[in-house]
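Trainee: Could you take me through one part of this structure slowly, looking closely at how its aromatic rings are arranged?

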Amino acid sequence: MANDQIYIMSRHSIHQVMSKAHQKDKQKKKKYKWHKADELDIKEFVRLHEEHDRCVLYLDASTRKPLLATAERQLLERHIAANTREGQGYFLTYESFFATAQCNFFCQGFTMLMDGSRIQDLQRMYMLLSRVNALESLRQALSSYIRQTGKSIVTDEEKDKDMVFSLLEFKASLDAIWEDSFSKNEAFVIQSKKHSSILSISARYSNFHMISHSFCHIMEAKCDHLNRPAELIAKFLDEKLRAGNKGTSEEELEGTLDKVLVLFRFIQGKDVFEAFYKKDLAKRLLLGKSASIDAEKSMISKLKTECGSQFTNKLEGMFKDIELSKEINESFKQSSQARTKLPSGIEMNVHVLTTGYWPTYPLMDVRLPHELNVYQDIFKEFYLSKYSGRRLMWQNSLGHCVLKAEFPKGKKELAVSLFQTVVLMLFNDAQKLSLQDIKDATCIEDKELRRTLQSLACGKVRVLQKNPKGREVDDNDSFMFNDGFTAPLYRIKVNAIQLKETVEENTSTTERVFQDRQYQVDAAIVRIMKTRKVLSHTLLITELFQQLKFPIKPSDLKKRIESLIDREYLERDRNNSQIYNYLA
């Protein structure tokens, strides 16, 4: 009877304890209310806490550790293990990691949590997986997510203009998640060696920042236009460094430059970036459109630290030319030639540019007004008397002027290009001119002339009138001085066409980069073969990939080798066509 009473009392006590535990469960569920979207990882998080609380309430303390280990194995480990076995040995199959219904953590929730920057939910996921030593799966899932999301940003050609801004936002979001959700875990920072070849990334990226590693893959995703990211980053910097960014402080600008420099590290075509950056920097300096000279020099200093002095040598030379030109202009204004021979009513500043530092510009002929020709001749006489043995070539396409114009409704100052100036000054002596008349009088090349007239007669500021009206300039069009022109401002900028990049300029810049690459490849091949004398095709290609700092296809390397064979720098071995001999 006593034993039965003890049994009944024990059962009654257990029933009470279980009831208390049930009440605790209800309270815990209320405490951890979850939205359907949070269910993926919070359920497991709550269940583990419930099991822990039950152990405290009605089980012996010694059972807590094995019970929780069993719960972790059932709720977490077996699902992850199943998916790990499926993706074993090949990293890219971890994309199936998301497609497998067995995986409660990743198949539905991980991408959603990352897209929403759900810091707390991702932190819970991190804590759950850390309990069963499964952070490697989370790290690989993060890498796959970065690649997929980044690739969608980079390959969307319709949003090329926003690509850099979108990548900067994406990178900032990842950094915040790594810091706040993943506790700055170094496992998410260092890329293990064993995956470096599987990820189809060059061996030089092994032991590399995992997020950075994935960003390198993103920049390579635009395989049809591998150099496009480098070009877009250069243009983004041009937009930020150009005057007109209202409301941006120097501190904000400096912060933006630092962020963009992070993206710059991931691009392979740094020579493409250099070409476009140099072209845009030249326009900013020559046209006086730079937002801040200090910011310009700061950016060059950052690039120098990143890539070495050879990378920024020409950029620094451009600034030296600008500073030296100021001194030359001051000296010219104090010279006897300037005081006695210069025509009155004209002020002119000349930039003397070293050919090797600046982008290559095509020479464009133009018939200048007499006063400008006189000014150029006097300056040339002064300069050559001071620096003998040098040769001056006038780049008319880069000139810009401020014209004083008298309209019936008031006087204005017009900020225009040199070509626009030459066209407008024709109307001092004529009221109406045809396209052919203007072409004969100015000798400006046809395409450039049409572009210039379009900016004067078809843009927002129409100081000329075109007949018949229209957006394009046709052969039979005629132009007249706009007597009815009016504007609220005294100084007016007339559609700065020099700052706008034409398709031809873009194509020309890219072609020059590829031409320079060919020279670099040829030099590298000769340098290697001169050292090795005899080398197989495979080993030569391998050494070239190690030495060259830009992306190139093996087929392009083969073409350069054939070119050097034709020019008798190399020859194929008579017994084995896969072996090359160097010809001294």
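Mentor: Let us begin with F379 and Y383, which are both buried in what is a predicted model. These two residues belong to helix α16, which covers residues 370–386, and they are four residues apart, about one turn of the helix. Their ring centres are 6.2 Å apart and their planes meet at 15 degrees, so the pair is stacked, since planes under 30 degrees apart count as stacked.

F379 also forms an aromatic pair with W394, and this one is edge-to-face, with 6.2 Å from centre to centre and 65 degrees between the planes. Whereas F379 lies in helix α16, W394 lies in the loop between α16 and β1 (400–407), so the pair ties together parts that are 15 residues apart in sequence. As for accessibility, F379 has a relative accessible area of 0% and is therefore buried, while W394, at 26% relative accessibility, counts as partly exposed.

If we now widen the view, we find that ring pairs join F379, Y383 and W394 with F332, Y375, F382 and Y387 into a cluster. A search of the whole structure finds 14 aromatic pairs.

Rings can also have a charged group over them, and two cases are worth adding to your notes. The charged end of K270 sits over the ring of F264, at 5.1 Å from the centre of that ring, and R284 lies over the face of Y277, 5.6 Å from the ring centre.

Notes
Residues numbered from 1 in each chain as written. Predicted model: local features only at pLDDT ≥ 70, side-chain atom pairs only at ≥ 80, totals over all residues. Heavy atoms only, no water. Phe/Tyr/Trp six-rings, centres within 6.5 Å; stacked < 30°, edge-to-face > 60°. Buried < 20%, exposed > 50% of the residue type's maximum accessible area, 1.4 Å probe, protein only. Lys NZ or Arg CZ within 6 Å of the ring centre and 35° of its normal.
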